[in-house]
Amino acid sequence: FYSWSELQRVGPAGGGRDLPPFHFDREMDDQYPSVGILGEVDGGTHVRILVSWFGGVRVRDYTISEAAGAGLEADPRGGVVQPCPGIRLSTPILSPDGRRVSGRDESTATTKVFEIGPSGRGCEEVADMGTQTSKATFSPSSRFVTFSRWANQDGRRIAQVYVLDIESGTVRAVPGATSTRLLIPDFGSEEEILILGVRDEMRFEIHCWRGACPR
């Protein structure tokens with residue numbers, strides 16, 4: 001864990017690499033981290049970290065607080081937990097509220113969304129895209145998920161970006177968000193989707209999936 005204010009202070013002068021973390025967890029020794037904030041508790045912020053790759057999906061909860069005169073502290077709220085035992089997930093991503101995880105279920109080769117149980121234990125499937133997709137990322141509210149998948153259109157193979165409403169189960173194509181190359185979407189806000197795409201060159205695009213973008 002690093003202090004963002006400290007990174008902002010030393011980063012412009014090239015000192016970011018030399019800044020020591022205020023907490024280092026050797027038990028979370030894996031890759032592909034993502035973070036969720038569960039709320040304010042015990043005088044600090046309740047944070048959940050997810051890591052995965054070699055050891056499967058693992059999470060740990062922390063309380064981030066400011067110690068008097070000592071800067072920030074990260075106190076583990078328990079041990080490392082494997083929330084989805086028996087489920088092999090690729091490219092898992094934790095929702096911003098820390099209560100859901102998306103990823104490719106290797107047993108079905110489809111992208112799914114799971115609800116994480118209390119204390120980070122247990123996974124209940126809440127959505128199945130029914131096909132393989134790009135990484136599936138959450139909106140700030142954790143209600144919507146955006147992803148791209150391949151489809152045939154007028155005899156061409158194209159990537160189309162979609163948004164899933166977890167609560168209603170509806171899936172909506174994002175108008176104009178297509179390419180003959182891979183598209184990787186993410187939310188910039190509840191309304192805006194940022195797309196990293198490769199067409200003639202690597203570039204970003206912004207699409208507002210529920211209407212026109214505000215000027």
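Let's start with the rings: a search of the whole structure, which is a predicted model, turns up 5 aromatic pairs. One of these joins Phe1 and Tyr62 in an edge-to-face arrangement, with 4.9 Å from centre to centre and 70° between the planes. Why does that pair deserve a second look? Phe1 sits in the segment before α1 (4-10), while Tyr62 belongs to strand β3 (residues 58-67), so the pair ties together parts that are 61 residues apart in sequence. The two partners also differ in how much surface they show: Phe1 is partly exposed at 28% relative accessibility, whereas Tyr62 is buried, with a relative accessible area of 1%.

Now hop over to another pair, Phe147 and Tyr162. Their ring centres are 5.8 Å apart and their planes meet at 20°, so this pair counts as stacked. The cut-off behind that word is an angle under 30 degrees between the planes. Phe147 comes from strand β10 (residues 144-153) and Tyr162 from strand β11 (residues 156-165), so here the pair ties together parts that are 15 residues apart in sequence. Are these two residues buried or exposed? Both Phe147 and Tyr162 are buried.

Stay with Tyr162 for a moment, since a charged side chain joins the picture. Arg149 lies over the face of the Tyr162 ring, at 4.2 Å from the ring centre. You can find a similar setup with Arg157, which lies over the face of Trp150 at 4.0 Å from the ring centre.

Let's go back to the start of the chain and see what else Phe1 is up to. Ring pairs link Phe1, Phe22 and Tyr62 into a cluster. Looking past residues up to four places away in sequence, Phe1 touches Pro21, Phe22, His23, Ile49, Tyr62, Ile64 and Ala74. Take Ile64 from that list: Phe1 and Ile64 are 63 residues apart along the chain, yet their C-alpha atoms are separated by 9.6 Å.

Phe1 also shows up when we look for pockets. The largest pocket holds about 380 Å³ of space. It is lined by 18 residues, and the closest to its centre are Phe1, Pro33, Ile49, Val51 and Tyr62. Which elements give two or more residues to this lining? They are β1 (34-41), β2 (44-51) and β3. Sorted by class, the lining has 13 nonpolar, 3 polar and 2 charged residues.

The second largest pocket has a volume of about 250 Å³. Of the 14 residues lining this pocket, Ser52, Trp53, Arg88, Leu89 and Ser90 are the closest to the centre. By class, this lining divides into 6 nonpolar, 6 polar and 2 charged residues.

Next, a residue in a strand. Ala177 lies in strand β12 (residues 171-179), and at 1% relative accessibility it counts as buried. What does Ala177 touch, if we skip residues up to four places away in sequence? Its contacts are Ala159, Gln160, Val161, Leu183, Ile195 and His207. You can also follow Ala177 across to Cys208: the two are 31 residues apart in sequence and 9.9 Å apart in space, C-alpha to C-alpha.

Time for some backbone oddities. Most residues other than glycine have a negative phi. Ser142 is not a glycine, but has a positive phi of about 70°. You'll find Ser142 in the loop between β9 (137-138) and β10, and at 0% relative accessibility this serine counts as buried. Asp154 is also not a glycine and has a positive phi of about 55°. Asp154 is found in the loop between β10 and β11. In contrast to a buried residue, Asp154 is exposed, with a relative accessible area of 76%.

One last stop: Gly14, in the loop between α1 and β1. This glycine is exposed, with a relative accessible area of 57%. How many residues lie between Gly14 and Asp128 along the chain, and what separation do their C-alpha atoms have? They are 114 residues apart along the chain, and their C-alpha atoms are separated by 44 Å.

Note on methods. Residues are numbered from 1 along each chain as its sequence is written. This is a predicted model: local features need pLDDT of at least 70, side-chain atom pairs count only at pLDDT 80 or more; totals for chains, interfaces and linings use all residues. Side-chain values use heavy atoms; hydrogens and water are left out. Rings of Phe, Tyr and Trp (its six-membered ring) pair if their centres lie within 6.5 Å; planes under 30 degrees apart count as stacked, over 60 as edge-to-face and the rest as tilted. Helices (H or I, at least four residues) and strands (E, at least two) are DSSP runs, numbered from the N terminus. Buried means under 20% relative accessible area, exposed over 50%, partly exposed in between (1.4 Å probe, protein chains only). A charge sits over a ring if NZ of Lys or CZ of Arg is within 6 Å of the ring centre and within 35 degrees of the ring normal. Contact means heavy atoms within 4.5 Å. On a 1 Å grid over the protein atoms alone, a cavity is a set of points where a 1.4 Å probe fits but cannot get out, and a pocket is an open set with protein on both sides within 12 Å along at least five of seven lines; lining residues have an atom within 4 Å of a point. Grid points are joined across faces, edges and corners, and a volume is the space filled by probe spheres set on the points. Ala, Val, Leu, Ile, Met, Phe, Trp, Tyr, Cys and Pro count as nonpolar, Asp, Glu, Lys and Arg as charged, and the others, Gly among them, as polar.
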